[in-house]
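Thanks for coming, everyone. I would like to walk through one model this morning, so please have the sequence and the structure open while I talk.

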Amino acid sequence: MKVIAAYDAEPCSRLALEQLADAALPDHAEIIVVSFADLLLPPGSAIGDMALGIGLPEPVIDMHRAAKALADIATERAEAGAAIVRSLGKPWAVSSRSIADTPSWGLVQLAEDEKADLIITGSHNRSGVARFFLGSVAQKAIQEAPCSVRIVRPLPSPASHRVLIGVDGSAACTAAIKAIAERPWPADTEFSCITVIDSQFISASLWQTFTGTPILAESVRHESEAARAVLDDATAILAARGFSAATIIAHGDPREIIPQHAEDLGVSCLMIAARGRHHAERRHLGTVAAAIPTRAHCTVEVVRA
């Protein structure tokens with residue numbers, strides 16, 4: 001398993017590294033800690049190879065000096081981040097990388113180049129009136145990275161090994177649950193699986209038919225049975241790996257309901273399938289998968305499997 005861990009020395013990115021042990025990574029994982037120097041280099045230039053030109057105008061030389069300073073800082077930062085990961089005492093192969101690029105673009109490109117399985121980054125969130133907002137790096141990674149993305153937030157107090165998995169019965173979700181079940185979770189991990197019946201969708205569909213309460217009741221019953229089947233399939237996958245899971249059927253807007261249940265349960269991580277698709281060489285998420293990371297109060301992992 002290859003993991004790209006973004007590090008910029010901010011508290012949230014340090015937290016992301018310190019909590020790597022809670023991500024259930026296998027012992028053979030390869031961790032690349034990357035830091036970015038937000039600058040542009042001429043084609044073919046390497047971040048450590050910025051020699052000052054001879055006979056260039058002084059302003060140009062000053063620009064080279066400034067770029068070299070940023071590159072040196074990024075290198076030192078990446079090495080410091082790698083040291084944090086090594087201090088966790090895990091048998092992972094840990095290396096550092098410094099890259100001259102805009103962090104949001106560079107992280108996605110590195111994940112593609114390295115064929116990474118997982119990106120881990122801090123949230124860089126700021127509390128708003130009623131919601132949490134992701135920084136541009138985390139947001140772009142969720143939207144466009146070719147692999148799973150884990151956005152780390154502080155653990156609940158007291159810390160717990162509780163994981164909530166959002167399920168919807170799609171092929172992408174089934175693949176994601178299988179990938180989740182394969183990871184070496186601690187024996188005391190408590191899993192819950194939640195599926196949400198979107199009541200607004202049911203009401204809108206029935207409104208167009210001009211039908212009454214009996215049809216509405218039948219539709220709700222049918223949706224509940226389908227939800228139960230989805231949860232049974234998810235828990236069976238986990239059970240095959242020796243994990244038991246509680247189940248939750250909720251009603252409402254899944255973009256609101258799932259993060260709220262995660263908060264109420266005090267989970268350490270909320271996991272959802274990406275359900276991404278390719279379109280004009282860009283990756284797009286469904287509205288639920290795109291919205292949940294910005295609204296959850298805990299660590300969120302968007303799983304692409």
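The buried residues of helix α3 are covered by surroundings that include the strands β1 (2-6), β2 (30-37), β3 (93-100) and β4 (118-122), together with the helix α4 (136-144). I should say at once that this is a predicted model, and everything that follows should be heard with that in mind.

Which residues of α3 are the buried ones? They are Ser104, Gly106, Leu107, Val108, Leu110, Ala111 and Glu114, so the list, taking buried to mean under 20% relative accessible area, includes a glutamate as well as leucines. As a check on the geometry, α3 runs over residues 103-114, and because a helix is expected to advance 1.5 Å a residue, its twelve residues should span 16 Å, which agrees with the 16 Å between its end C-alpha atoms. Just after α3 comes Lys115, whose phi is positive, near 50°.

Staying with α3 and its partner α4, the two axes come within 8 Å of each other and cross at roughly 35°. On the α3 side the contact is made by Pro103, Ser104, Trp105, Leu107 and Val108, while α4 contributes Ser136, Val137, Lys140, Ala141 and Glu144. Ser104, Leu107 and Val108 therefore appear both among the buried residues of α3 and in its contact with α4, given that buried means under 20% relative accessible area. As for its hand, the crossing of α3 and α4 is right-handed.

Another helix worth a look is α5, residues 171-181, where Cys173, Ala176, Ile177, Ile180 and Ala181 are buried. Seen down the axis of α5, these buried residues fall within an arc of 135°, and so they line one face of the helix.

Let me turn to some backbone angles. Most residues other than glycine have a negative phi, which is the reason for pausing at the next two alanines. Ala9, in the loop between β1 and α1 (11-18), has a positive phi near 75°, and Ala24, in the loop between α1 and β2, has a positive phi of about 55°. Are these alanines buried or exposed? Ala9 counts as partly exposed because its relative accessibility is 47%, whereas Ala24, at 5%, counts as buried.

Around α1 there are two further residues I would point to. Arg14 is in helix α1 itself and, at 38% relative accessibility, counts as partly exposed. Setting aside residues up to four places away in sequence, Arg14 touches Tyr7 and Ile84; Ile84 lies 70 residues from Arg14 along the chain, with 8.1 Å between their C-alpha atoms. Gln19, by comparison, sits in the loop between α1 and β2 and counts as buried, since its relative accessibility is 10%. Beyond its neighbours within four places in sequence, Gln19 is in contact with Val152, Arg153, Pro154, Leu155 and Thr299.

Finally, the chain as a whole. The secondary structure comes to nine helices and 14 strands, and of the 305 residues 44% count as buried. Among contacts with a separation of 6 or more, 79% are between residues 24 or more positions apart. The accessible surface of the chain is about 15,200 Å², and carbon and sulfur atoms account for 55% of that surface.

How values were computed
Residues are numbered from 1 along each chain as its sequence is written. This is a predicted model: local features need pLDDT of at least 70, side-chain atom pairs count only at pLDDT 80 or more; totals for chains, interfaces and linings use all residues. Side-chain values use heavy atoms; hydrogens and water are left out. Helices (H or I, at least four residues) and strands (E, at least two) are DSSP runs, numbered from the N terminus. The expected span of a helix is 1.5 Å times one less than its number of residues. Buried means under 20% relative accessible area, exposed over 50%, partly exposed in between (1.4 Å probe, protein chains only). Contact means heavy atoms within 4.5 Å. Accessible areas come from the Shrake-Rupley method with a 1.4 Å probe; for residues, only the protein chains shown count as cover. The arc is that of the directions from the helix axis to the C-beta atoms. Axes are lines fitted to C-alpha atoms, for helices over the stretch in contact, and angles run from 0 to 180 degrees between N-to-C directions. A crossing is left-handed if the near helix is turned anticlockwise from the far one by less than a right angle, and right-handed if clockwise.
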